[in-house]
Amino acid sequence: METSKIIELLVVGMLGALAAVIANKGIAVFNDGLRPIIPQFLDNKIGRKELAATSFALGFGLVIGFGIPVSVGASIILVHSILLATDIIGTWSPGGMKGVIISAIIGGIYGIAIVLGLQYIVDLFAMLPVNFLDALAKVGAPVIVAFSVFPSLAVAYQHGFKKGAITFGTSIFFMFLVKEFGVIQISDTATLKLSVEGTTLLVGMAFMIFFSLGEKGSGSANQQLVSIFAERVKRIKSNWIILAVMGGLVSAATSLLILAGDPISQKLMIEGLYSEAALAAFARGIGFIPLVFSTAIVTGVYGPAGTTFVFVIGILFRGNPLLAFVAGFAVIVVEILLLDSAAKGLDKFPGVREMGEHIRTAMNKVLEVGLLIGGALASEAIAPGIGYFWVIGIYLLNKTAKKPLVDLAVGPVAAISLGLLVNILALVGLFTIPTV
């Protein structure tokens, strides 16, 4: 095997291993829909089994239905193929040092396997009588947009329905605005696309802080500095080294032309249009700042690729993985420092500390509804005419169980269990495979 190929496999193997480990520890996950759920696990509101089922339902459909198909036949792999899967590997591994070791081994092997044999994975899941994994992508569809609702709900909990409705109304106005005018053409090959959900979330959070100005904060300024935002970011800061190393590995893999952050820059890189690819990746990074920063400040969980500017670094330093690693490392450090400054700025507002419990409650309620709806959509796609019955029945029966699942996990678990059930029934001739 050539030396260059060995280096590629080594880099992607380390990337897969580290990404799975930080997902296992709840430090960072790539799936934006999974990030708000990690604190529920860290606060012992859901167990690891429920987290694993939710992670699988949110991510696997995207891996099989988006990441891998876009990467098949291409010389450059879409990052979703690796980092969405390492989210799943990390959350499915047990806790403690045992889980770290298992995550690292499986994550590393998976990363190398993806480079060596994408098509085999696609063919494997195509062999199922009913390939329900594509439908599982629908589980996560409502989650990010639903998460953008939580500031409105938190405001309503603390300040009443009227102010909550004002926050919600303004948020939905900006959602329409960004959806209609949020794509800015930078050049013939690059556009800046603002995140609809991220911008909506920022607007809601701005109202949340604005209304908190009318609240007289109890305690001293030092007490206010330990409010929920500072505590969440403090957790990210405590893991800055491992996050920076992760960012460096992403940049190094990109510089070796084995990884791309999005389909547009991927195609441009394949065609040798590196300047255009860097510009497209840069524009995408700007568009991701609101979503990544907002969810990081609120959840204390970061992304393994940060705001995705590490891909720009990789393209600019193509062919030189060592320099790309150093520059990518530095970019993540700067991002975390900016994140810390943003959180400290929020903590200066009186009343924010008192809003912490309302924020946690609102996040939990919104995610419960979002995942239940997503589970229903996925189940109906798996078994049309049966899926809604299945999810509603599971949800209501779960309420009567002696040891019920938490509401957060019902939708994903119902969708996964239905997918397994229809495959068993199809094998014995009791289920007709739905035609598209």
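How many aromatic pairs does the count come to by the ring-centre rule? Rings of Phe, Tyr and Trp (its six-membered ring) are taken to pair if their centres lie within 6.5 Å, with planes under 30 degrees apart classed as stacked, over 60 as edge-to-face and the rest as tilted. By this rule the count comes to seven aromatic pairs. In one of them, the rings of F207 and F211 have centres 6.0 Å apart and planes at 50°, so this pair is tilted. Both residues belong to helix α10 (residues 196-212), where F207 and F211 are four residues apart, about one turn of the helix. F211 also pairs with F210 in an edge-to-face arrangement, at 5.6 Å centre to centre and 65° between the planes. Ring pairs thus link F207, F210 and F211 into a cluster. Within the cluster, F211 is buried, with a relative accessible area of 12%, whereas F210 is exposed at 53% relative accessibility. Here buried means under 20% relative accessible area, exposed over 50%, and partly exposed in between (1.4 Å probe, protein chains only).

The structure is a predicted model, in which local features need pLDDT of at least 70 and side-chain atom pairs count only at pLDDT 80 or more, while totals for chains, interfaces and linings use all residues. Residues are numbered from 1 along each chain as its sequence is written, and side-chain values use heavy atoms, with hydrogens and water left out.

The secondary structure consists of 20 helices and four strands, assigned as DSSP runs numbered from the N terminus (helices H or I, at least four residues; strands E, at least two). The protein has 436 residues, of which 54% count as buried. Its accessible surface is about 18800 Å², and 70% of that area belongs to carbon and sulfur atoms; accessible areas come from the Shrake-Rupley method with a 1.4 Å probe, and for residues only the protein chains shown count as cover. Among contacts (heavy atoms within 4.5 Å) with a separation of 6 or more, 79% join residues 24 or more positions apart.

Three salt bridges are present, a salt bridge being a side-chain nitrogen of Lys or Arg within 4 Å of a carboxyl oxygen of Asp or Glu. Side chains of opposite charge can pair when their charged atoms come close. E8 and K5 form one salt bridge, with an N to O distance of 3.8 Å. These two residues are three residues apart in helix α1 (residues 3-24), so about one helical turn separates E8 from K5. E8 is buried at 17% relative accessibility, and K5 is partly exposed at 29%. The side chains of D32 and R35 meet at 3.0 Å, N to O, in a salt bridge, and both residues are buried. In the salt bridge between K399 and D407, the closest N and O atoms are 2.9 Å apart; K399 is partly exposed at 46% relative accessibility, while D407 is buried at 18%.

D87, in helix α4 (residues 80-92), is buried but has no salt bridge, and the nearest side chain of opposite charge, that of R35, is 7.0 Å away. For this comparison, Lys and Arg count as positive and Asp and Glu as negative, with His and the chain ends not counted. The side chain of D87 instead reaches the backbone nitrogen of F30 at 3.0 Å. Apart from neighbours within four places in sequence, D87 is in contact with A23, V29, F30, N31, L34 and S55.

How values were computed
A polar contact is a pair of N or O atoms within 3.5 Å; within protein, one must be able to donate a hydrogen and the other to accept it, and residues adjacent in sequence count only if both atoms are side-chain atoms.
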